[in-house]
Amino acid sequence: MMAANSRAADGLRVVVVGGSLGGLLVANMLRRAGCDVTVHERIGEALSGRGVGIAAHAEMFDAFGRAGVDVNQAIGIAVDDRIVLARDGSVMARHKVRQVMCSWSSLFGLLRAAFAEDRYFAGMEFSGAEQSGAKVRARFADGTEIEADLLIGADGIHSTLRRHYWPASKPQYAGYIAWRGIVEEARVSRETHEMLFTRYAFCLPPGEHMLGYAIAGADGDDRPGRRRYNIVWYRRAEEEGELRRLMTDAAGTHHPLGIPPGLIRSEAVAELRAAARANLAPQFAEMVELVETPFFQSVVDMEVPSMVSGRAVLLGDAAFLARPHCGMGVTKAAGDAVLLAELVVAFPDDIGHALQVYDAERCRFGRYITAYARRLGSQMKHSYASEEERREAEYYRRPETCLRKISLPPDPP
Ligand SMILES: Cc1cc2nc3c(=O)[nH]c(=O)nc-3n(C[C@H](O)[C@H](O)[C@H](O)COP(=O)(O)OP(=O)(O)OC[C@H]3O[C@@H](n4cnc5c(N)ncnc54)[C@H](O)[C@@H]3O)c2cc1C
């Protein structure tokens with residue numbers, strides 16, 4: 001559809017708030033369709049050094065192609081073997097499935113390079129908006145105001161656009177956190193390298209859920225010896241005090257929206273390493289020891305009643321946030337971007353109709369994927385409201401279930 005009408009949306013003024021993957025995907029697609037697009041990102045310095053690993057799905061590659069990124073170039077590392085390691089380091093379950101694992105920074109670099117340098121404004125924080133007829137006026141913290149035909153809020157989990165239009169929709173903490181980190185390939189012992197580097201691996205001791213896979217090096221280099229290993233370790237932190245303690249730095253400052261990696265107290269990192277030695281397969285304990293700057297994200301559920309208000313639209317994590325178990329964060333943002341761009345191109349003279357269809361379709365998918373990811377995460381619960389809940393959690397904890405469901409696309413809704 002986009003190719004046939006590719007200049008149909010010529011001149012439509014679009015403001016994208018948030019210059020991460022979701023924002024850059026939709027911005028590239030709409031620019032290619034002839035829209036007059038600018039991207040406004042709050043963070044001033046380069047985002048590229050920040051991310052870790054991303055599970056890729058076919059829909060995501062399709063979206064990158066539509067955004068003008070040549071997906072034939074090495075975009076990730078393929079794995080076709082999944083294993084679960086027992087506490088003693090032996091393989092207790094195995095499943096063959098092919099998947100490509102990407103590095104956030106490689107994906108970001110490709111999308112950023114595809115977008116016009118002078119249309120991307122770093123260090124520009126969106127602060128609010130007013131609708132006026134078929135236009136919307138976006139306001140920024142530096143006093144700039146821009147009138148647009150379409151305002152896209154791709155501003156992530158703590159979205160200002162969402163707070164502005166849907167103040168009651170807030171992330172709900174799920175009672176556990178995901179520790180994350182990466183290890184340079186050259187630092188890994190030969191035994192651990194042999195077991196983990198070419199596989200997607202899990203370790204599932206009671207109450208814990210660890211997984212890992214290889215990603216490209218920081219500069220996108222995917223040659224053996226230059227890659228990195230990405231770990232995600234889900235751990236319960238149910239008590240309010242426990243989460244607060246982890247989010248408080250050595251100077252006593254609490255960071256409720258997420259503590260920056262370098263500020264996590266050394267005692268918390270030492271506790272993490274001790275827990276890895278006590279609970280995990282030795283290969284994963286070694287990885288936790290080698291991660292230089294571990295960081296964590298609180299696992300949350302987020303839903304909105306609607307993704308459209310007048311000419312303002314939510315996209316990606318700003319609207320629905322599914323727990324990371326299904327690995328759909330980037331793919332969901334990509335699906336939002338593809339449909340929004342297609343509809344704008346198909347109905348350039350009736351943007352209201354395009355947004356109505358987008359709202360209905362993507363809310364339906366957002367609700368579905370959020371509920372599915374919540375079920376996958378039910379294994380992290382430690383108390384149950386019913387026997388059915390307990391059985392569900394046990395099902396999703398089984399090694400066979402993890403091998404076949406975690407980070408893989410769900411069945412269509
Ligand atoms: C730096 C970074 C690293 C990440 N690394 C990983 C990773 O390693 N693995 C993974 O699975 N997911 C990662 N993610 C999340 C992943 O990008 C998202 O789940 C997915 O791409 C959907 O993202 P999004 O573009 O909707 O939101 P996000 O990627 O969260 O991006 C939102 C963007 O909006 C910006 N923003 C927020 N508020 C404002 C405002 N008021 N004005 C202007 N800009 C604003 C933020 O700075 C951010 O760049 C990362 C996100 C970021 C920002």
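A cavity here is a set of grid points where a 1.4 Å probe fits among the protein atoms but cannot get out. Keep that in mind for the later views, and remember that this is a predicted model.

**View 1. Meet the ligand's neighbours.**
There are 31 residues around the ligand, and Ser-20, Gly-22, Glu-41, Val-52 and Asp-317 come nearest. Sorted by class, this shell is a real mix: 13 residues are nonpolar, eleven are polar and seven are charged.

**View 2. The backbone reaches for the ligand.**
Zoom in on Val-52, where a backbone N or O atom sits 2.4 Å from an oxygen atom of the ligand. Next door in the sequence is Gly-53, with a backbone N or O atom 3.0 Å from a ligand nitrogen. Arg-42 joins in as well: one of its polar backbone atoms is 3.0 Å from a nitrogen atom of the ligand. How much of the ligand's accessible area does the protein cover? On its own the ligand has 910 Å² of it, and the protein covers 86%.

**View 3. Which elements surround the ligand?**
Four elements each give two or more residues to the shell: helix H1 (21–32), strand S2 (36–41), strand S3 (53–56) and helix H9 (329–346). Look out for H9 again in the last view, where it helps to line a cavity.

**View 4. Inside the largest cavity.**
Now for the enclosed spaces: the structure holds two cavities of 30 Å³ or more. The largest has about 50 Å³ of space. Its lining is made up of Trp-179, Arg-180, Gly-181, Met-210, Ile-231, Trp-233, Leu-272, Val-288, Val-291 and Pro-294. Strand S11 (172–184) and strand S14 (228–236) are the elements that supply two or more of these residues. S11 gives the most, with three. As for class, eight of the lining residues are nonpolar, while one is polar and one is charged.

**View 5. Inside the second largest cavity.**
This one has a volume of about 30 Å³. Around it you'll find Met-307, Gly-316, Ala-319, Phe-320, Lys-332, Asp-336, Arg-362, Phe-365 and Gly-366. The elements giving two or more residues to this lining are H9 and helix H10 (351–376). Which of the elements gives the most? That's H10, with three residues. The lining of this second largest cavity splits into four nonpolar, two polar and three charged residues.

How values were computed
Residues are numbered from 1 along each chain as its sequence is written. This is a predicted model: local features need pLDDT of at least 70, side-chain atom pairs count only at pLDDT 80 or more; totals for chains, interfaces and linings use all residues. Side-chain values use heavy atoms; hydrogens and water are left out. A residue is near a molecule or strand if one of its heavy atoms lies within 4 Å of it. A polar contact is a pair of N or O atoms within 3.5 Å; within protein, one must be able to donate a hydrogen and the other to accept it, and residues adjacent in sequence count only if both atoms are side-chain atoms. Accessible areas come from the Shrake-Rupley method with a 1.4 Å probe; for residues, only the protein chains shown count as cover. Ala, Val, Leu, Ile, Met, Phe, Trp, Tyr, Cys and Pro count as nonpolar, Asp, Glu, Lys and Arg as charged, and the others, Gly among them, as polar. On a 1 Å grid over the protein atoms alone, a cavity is a set of points where a 1.4 Å probe fits but cannot get out, and a pocket is an open set with protein on both sides within 12 Å along at least five of seven lines; lining residues have an atom within 4 Å of a point. Grid points are joined across faces, edges and corners, and a volume is the space filled by probe spheres set on the points.
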